[in-house]
Every structure is written in C-alpha cells, then in structure tokens.
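User: I'd like to go through this model and ask how some of its labels are justified. Could you take me through the reasoning?

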Amino acid sequence: MTIQTVATTPFAGQRPGTSGLRKKVSDYLQPGYLENFVESIFNTLGDCSGQTLVVGGDGRYFNRTAIQVILRMAAAHGFGKVLVGQGGILSTPAVSCVIRKHAAFGGIVLSASHNPGGPDGDFGIKYNIGNGGPAPEKFTEAVYIATQSISVYRISDEAAPDFDKIGESRIEQMQVEVIDSVADYAELMETLFDFPAIRKLFAGGFTMRYDGMHAVGGPYAHKILEGMLGAPAGTVINGTPLEDFGGHHPDPNPVNAAELIAVMFAKDAPDFGAASDGDADRNMIVGRGLAVTPSDSLAIIAANATLAPGYRDGLKGIARSMPTSTAPDRVAKALGIKCYETPTGWKYFGNLLDAGLATLCGEESYGTGSNHIREKDGVWAILFWLNLLAATGKPVDTIVREHWTRFGRNYYSRHDYEAVESAAAEAMMENLRAQLDGLKGRQLDGFTVDFADDFVYTDPVDHSVATKQGVRIVMTDGSRIVFRLSGTGTEGATIRLYLEKYEADPARHDIDPQQALAGLAAIADQLSDLKKRTGREHPTVIT
Ligand code: G16
C-alpha cells in the first residue's frame with residue numbers, strides 16, 4: 001500500500017479555542033476538514049518518525065471515523081506506534097494517564113467535552129503533549145497558522161485496522177496497539193486513594209448514585225466503583241456511552257444533570273451523588289439536598305488532602321482559574337502555601353504542575369484535578385470525595401458546612417448567555433474595557449470598587465503572557481463580578497458572567513445563592529448593559 005499526497009485548500013476558522021478545535025459535526029463532515037487539521041498538527045510537531053501517539057475519544061458520533069483517518073495519517077507521517085483505546089474509547093484523563101505511563105510523544109483527544117453530540121451536535125480534536133496535558137497556546141497558534149496555508153495532506157491508502165479487539169496490528173510500518181480503555185487509569189487511581197477504606201464504606205451499606213450521562217465516564221465508573229470498590233450494581237446510571245449521549249447535554253451541573261439532582265434532593269436520597277461529563281474530565285459532587293459548587297469542592301479537597309494516601313505529604317500549592325471563587329485561596333492561606341490564579345483553560349496549569357509549584361488545580365466549570373496527570377479528572381474528584389467520606393465518616397453536607405464555618409462561605413454563581421450575536425457580545429466587552437480605568441473607588445450599590453482590569457497572566461515558569469482573559473471588577477470586601485466570552489461554544493458567542501460574594505458569618509450561610517448575589521448581578525447589568533445589548537432578559541443557564 002502507498003502513502004498518498006492529497007491536494008487540499010484551507011478552511012477558515014480552524015483556530016483552537018479554550019480546549020482544541022470544537023465545531024459542529026457538519027463542519028467536520030466536509031471533505032478534508034479533519035484531514036487538514038490533523039495534517040497541521042503533525043506538521044507543527046515536525047519529525048514524528050518512530051514516535052508513539054495515543055488516540056482515543058469520548059465515543060461521540062464521528063469518533064470512530066476520525067480515528068480511522070488519524071491512524072492512516074499517523075502511518076503516513078512515520079509514527080512508530082499508536083496506542084488506541086478499545087472501541088476508540090478513552091476518557092480525556094485516561095489519554096493523559098496513558099501518555100505519561102507509556103512515555104508517548106503525545107496524544108489526540110477526540111471530544112467536544114460537555115457539548116451535545118450526535119449528527120447535529122459537536123465534535124472536537126485536541127492535541128496533548130508529552131507531559132499528558134493540552135498543548136500550550138504557542139503550539140495551538142502554530143497549528144492554526146499551518147491550517148491557513150495548507151495545500152496537501154498525507155495519508156495511507158490502506159484501510160485502518162480494527163480497533164474493537166485488544167491486541168496488535170499494523171498499518172504500513174506503524175504498529176497499532178489496542179489497549180483496555182480503563183486498566184491504566186484504574187491502576188493509577190488505586191495508588192492515590194484508600195481503596196480498602198472505600199470498599200469498607202460500601203460494604204457497610206453506604207449508598208451512591210453516579211450519573212454517567214451516557215458518556216465516556218460510564219465504563220470507568222462501572223469498573224472502579226462497582227467492580228474494584230464493591231458498590232452495588234445500579235450505583236452507576238446512564239453508564240453506557242452513546243454516540244448522541246441519549247440526546248442529553250452531558251454537562252454535570254444542576255441544570256443538565258437534573259435527574260441526579262432530583263434523586264439527591266428526594267427524601268430517600270442516597271448518601272452521595274456524582275456525575276461526570278462527555279469526556280469524563282468534569283465532575284459534580286452532590287450530597288443529600290446539597291450540590292457542592294466546584295470552587296467549594298476544590299477548597300474542601302485542598303483542606304482535607306492529607307486524608308488521601310497519594311497526598312499524605314501535603315500540597316505544594318493550589319491553582320485556580322481566575323473566574324473560580326476565591327474559596328481555595330483561603331485554604332491556601334491557612335496551609336501556608338501559594339494559590340495561583342490562571343486564565344480559564346486547563347492548559348495554563350501544565351507548567352505549574354510540571355514545575356512542582358502546584359499539586360491541586362480547579363476551575364468553576366466543574367473541573368478539578370491534581371499533579372497525577374495533566375488534565376482535569378472527573379472520576380478522580382469523585383474518588384477523592386469518597387476517600388474523604390470514608391476517612392471522616394461524615395456526610396457531605398456536614399463536611400461542607402464545617403468548611404464554611406471555618407473559612408467562611410463564598411457565595412458563587414455563573415450566568416451563561418448562550419448563542420448571543422457575536423458582534424453584540426464583542427461590543428459589550430469592549431464597552432466594559434473602556435470603563436475599567438474609571439471604576440476604581442466608585443461606590444456601586446453598597447459596594448466600593450477596589451480595582452477593575454482585563455485579566456493578564458504571566459506564566460511564572462516560561463514567562464509567557466496571556467492578555468484579555470476576562471474583565472473583572474473586584475470590590476473592597478472581596479466580592480467580584482467577572483465577564484468573559486467562552487472559548488468552547490460553537491454557535492455565536494456565549495457570555496459568561498461570574499458572581500462571587502464572601503460571607504464570614506455562619507448565621508448567614510443559608511441564603512439562596514441567587515438572592516445573596518442579586519445586588520452584584522444588578523450592578524453587572526448596569527455596567528455592561530447586557531440585557532439591552534443582547535436582547536436577553538434572562539441567562540440561558542444559571543449554575
Ligand atoms: C474546557 C477547558 C476548561 C474551561 C472550560 C470552559 O473544559 O479545559 O479549562 O474552564 O472549557 O471554558 P469556556 O469558559 O471558555 O467555555 P472542557 O471540559 O470543555 O474541556
């Protein structure tokens with residue numbers, strides 16, 4: 001069989017966003033669209049000969065077709081070996097784990113994460129580097145530049161080998177090894193958490209509901225929770241990955257995981273509830289009658305980290321994305337360690353983790369993780385909470401309330417305005433930026449502005465600078481209003497408004513968050529003129 005050199009022309013708009021190239025499936029179905037992007041990745045990598053690549057995805061529509069193309073193109077580019085998850089399945093954290101364990105050159109993750117799937121849904125591709133983490137911006141920008149001038153791509157004309165059965169085969173000179181999708185990941189989890197204590201917890205009648213949302217987390221939860229940890233069958237619901245996620249939006253938040261929330265807020269609720277997203281890197285933690293915010297979850301994990309065997313020696317530091325609440329900062333202060341504030345995007349944590357500056361990382365967007373891999377990790381976060389529940393013997397709501405009593409409560413909410421007309425969203429941001437210089441010291445409905453800026457991040461390791469990472473208005477009491485445009489949407493623009501208010505007094509820890517934040521929401525609307533500019537009276541989603 002031969003390597004074909006196929007003539008092609010550039011597609012506009014192949015610039016990776018917050019996390020890879022996320023587009024409608026219909027975009028990816030255009031002849032050459034996928035090939036152009038993959039060719040640009042390989043060309044940006046340079047000499048790939050003899051190298052090992054990891055490939056897998058969340059099982060959404062087009063996953064299998066994309067893997068076949070990638071295998072044929074990897075063979076044409078001289079890769080020595082590709083490790084593929086059985087059936088094309090690998091969660092995003094599992095890709096990171098496999099890259100690291102097998103010292104691979106890098107990996108390709110096929111997922112649009114929490115975005116809906118199916119022929120009318122979304123698809124995505126992301127390249128991860130040898131440390132197991134998302135490629136940094138300088139790489140993704142180089143890929144984008146390559147997509148703009150591409151004229152040919154190289155591909156083997158041999159059919160891609162079957163990747164449903166574990167085993168080895170070849171395409172051209174390249175070895176294709178189909179691996180168990182869960183084994184390497186499960187083995188790593190066992191080194192981090194007290195599995196015997198969690199097994200004992202389940203054996204004692206502890207009940208849990210894990211919602212796989214018909215996404216890739218299901219196989220991992222089946223094997224680890226019901227298999228290795230002895231949780232009763234039925235603990236995992238919606239545990240079979242489907243190409244369209246059963247028509248649902250696989251985003252583990254109280255809005256999209258409403259089924260789980262209903263179970264956890266019922267009278268006979270299980271002790272613990274959890275969910276993960278399309279590619280199983282996000283997580284939601286729910287106790288009886290209480291959904292834990294991602295920012296609180298990170299803070300609580302950090303405050304109790306030494307209860308888990310893998311973190312017994314303590315933390316080097318914590319890192320959170322800028323819009324994430326400052327709850328983890330309070331824990332870092334108490335622990336005498338640093339809390340880094342990065343732009344949104346897991347890629348910004350990579351250097352901090354590699355340099356040993358941070359051990360735990362987290363984001364408001366239901367992402368939590370640590371230095372065990374270089375992606376956020378939904379199942380890991382759920383296991384951390386199980387370890388915590390087993391070690392303390394306390395229920396989720398007691399752990400959360402005790403945390404608030406000790407550190408204070410950071411009321412927090414995100415308001416999303418989806419599929420807004422892009423020009424209107426951009427104009428709103430520009431108008432906010434234009435006001436920033438005049439805001440310092442201004443009195444706004446009982447708050448005084450401490451400072452206002454458009455977040456700029458200088459990486460402490462490689463000193464790269466990321467600008468325009470979100471407009472923030474910070475009050476003298478630490479309350480914050482943050483505006484930014486999402487980098488993961490596929491339709492128009494998504495405006496994200498993040499609201500945070502700190503409350504130290506335990507007597508005031510039971511207010512409805514939307515009520516606690518209503519004053520800040522009104523100020524945000526007044527400053528941005530959001531309703532008038534977008535024509536939207538209400539957010540599309542409130543989490
Ligand atoms: C990705 C990134 C996260 C980010 C999230 C939302 O997550 O990895 O770092 O917080 O998108 O980003 P945005 O606010 O720009 O939409 P995922 O789970 O979608 O890969």
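User: Which helix supplies the largest share of the lining of the largest pocket?

Analyst: That is H15, with five residues. Bear in mind that this is a predicted model. The lining has 36 residues, and among those nearest the pocket centre are Gly-17, Thr-18 and Gly-487. The space inside is about 1100 Å³.

User: What classes of residue make up that lining?

Analyst: There are 17 polar, twelve charged and seven nonpolar residues in the lining of the largest pocket.

User: Gln-435 lies in H15. Why is Gln-435 called partly exposed?

Analyst: Its relative accessible area is 22%. Buried means under 20% and exposed means over 50%, so Gln-435, at 22%, is partly exposed.

User: What makes H2 largely enclosed by the rest of the structure?

Analyst: Eleven of its 13 residues are buried, so the description follows from that count. Among the buried ones are Tyr-33, Phe-37, Ile-41 and Leu-45.

User: How do you know that the length of H2 agrees with what a helix should span?

Analyst: The expected span is 1.5 Å times one less than the number of residues. For the 13 residues of H2 that gives 18 Å, and the end C-alpha atoms are 19 Å apart, so the two agree. Just after H2 comes Gly-46, with a positive phi near 85 degrees.

User: Which domains share the lining of the second largest pocket?

Analyst: Domain 2 (185–407) and domain 3 (409–542) each give at least three residues. Strand E19 supplies the largest share of this lining, six residues.

Notes:
Residues are numbered from 1 along each chain as its sequence is written. This is a predicted model: local features need pLDDT of at least 70, side-chain atom pairs count only at pLDDT 80 or more; totals for chains, interfaces and linings use all residues. Side-chain values use heavy atoms; hydrogens and water are left out. Helices (H or I, at least four residues) and strands (E, at least two) are DSSP runs, numbered from the N terminus. Buried means under 20% relative accessible area, exposed over 50%, partly exposed in between (1.4 Å probe, protein chains only). On a 1 Å grid over the protein atoms alone, a cavity is a set of points where a 1.4 Å probe fits but cannot get out, and a pocket is an open set with protein on both sides within 12 Å along at least five of seven lines; lining residues have an atom within 4 Å of a point. Grid points are joined across faces, edges and corners, and a volume is the space filled by probe spheres set on the points. Ala, Val, Leu, Ile, Met, Phe, Trp, Tyr, Cys and Pro count as nonpolar, Asp, Glu, Lys and Arg as charged, and the others, Gly among them, as polar. Domain bounds come from an automatic or database domain assignment.
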